[in-house]
Amino acid sequence: MAGVPRRNMKIVQETGSRFDLAEKDARRLLDDLLARPLFAHLATSSESGPRESPVWFLWEDEALWIIANKKTDSFPTRIELEPRCAVGIVDFDAATGLVHHVGFRGLAQREAHDKDRMTRLLTRYLREMKGWDPRFIKILDDADYIFVKFIPETAVIRDQSFAVPNLK
């Protein structure tokens, strides 16, 4: 939940980057990013090398919750074998110059199907349930749809927004 202190997560600061933020500003931007219905990118490892999965997420209980299908998605199995992973969330708009991003490092684990949490996550992106595509409604009662719970240990937060030149 936005605004809740993340006691176990360290904000990486003073990296020497020109885009480092003061902790207060970094936490405010982090809360803002986590509140938006953006795509996250889950990075995991496999025997064949790194893998990346674009995912929807819900921030609750100091963790990112990601829907997965235990039969058709490969990332839940990779996480069981190697729980260390990374998540990136980016909000970019070239027209306005907005560039906000956070990079997390941490541990993930599989969690059981939870219809209430799944409803909250899907409502975040799809809004009112009455307008949902039937495929999303069907997964609410399908126990093959589980969660991956990602618990961040560190976060790098950046505002690399820029002024868009007026080319007129």
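Is isoleucine 89 buried or exposed? Hi everyone, let's start there, and please keep in mind that this is a predicted model. Isoleucine 89 has a relative accessible area of 0%, and the cut-off for buried is under 20%, so isoleucine 89 counts as buried. You'll find isoleucine 89 in strand 6, which covers residues 84-93. If you'd like a partner to look for on screen, try phenylalanine 104: the two are 15 residues apart in sequence, and their C-alpha atoms lie 8.6 Å apart in space.

Now let's go to the surface. Val90, Phe92, Phe162 and Val164 make a nonpolar patch there of about 360 Å². Let me pick out one of them, phenylalanine 162, which sits in the segment after strand 8 (145-159). Its relative accessibility is 39%, and partly exposed runs between 20% and 50%, so phenylalanine 162 gets the label partly exposed.

Last stop, the pockets. The largest pocket has a volume of about 290 Å³. It is lined by 15 residues, and the ones closest to its centre are Trp56, Ile67, Leu122, Phe136 and Ile139. Where does the lining come from? Strand 3 (49-55) and strand 5 (63-69) each supply at least two residues, and so do helix 3 (115-126) and helix 4 (134-139). As for chemistry, the lining divides into 11 nonpolar residues, 2 polar and 2 charged.

That's my tour, thanks for listening!

Technical notes:
Residues are numbered from 1 along each chain as its sequence is written. This is a predicted model: local features need pLDDT of at least 70, side-chain atom pairs count only at pLDDT 80 or more; totals for chains, interfaces and linings use all residues. Side-chain values use heavy atoms; hydrogens and water are left out. On a 1 Å grid over the protein atoms alone, a cavity is a set of points where a 1.4 Å probe fits but cannot get out, and a pocket is an open set with protein on both sides within 12 Å along at least five of seven lines; lining residues have an atom within 4 Å of a point. Grid points are joined across faces, edges and corners, and a volume is the space filled by probe spheres set on the points. Helices (H or I, at least four residues) and strands (E, at least two) are DSSP runs, numbered from the N terminus. Ala, Val, Leu, Ile, Met, Phe, Trp, Tyr, Cys and Pro count as nonpolar, Asp, Glu, Lys and Arg as charged, and the others, Gly among them, as polar. Patches are made of residues with over 30% relative accessible area and no salt bridge: like charges are joined within 9 Å, nonpolar side chains (Val, Leu, Ile, Met, Phe, Trp, Tyr) within 5 Å. Accessible areas come from the Shrake-Rupley method with a 1.4 Å probe; for residues, only the protein chains shown count as cover. A salt bridge is a side-chain nitrogen of Lys or Arg within 4 Å of a carboxyl oxygen of Asp or Glu. Buried means under 20% relative accessible area, exposed over 50%, partly exposed in between (1.4 Å probe, protein chains only).
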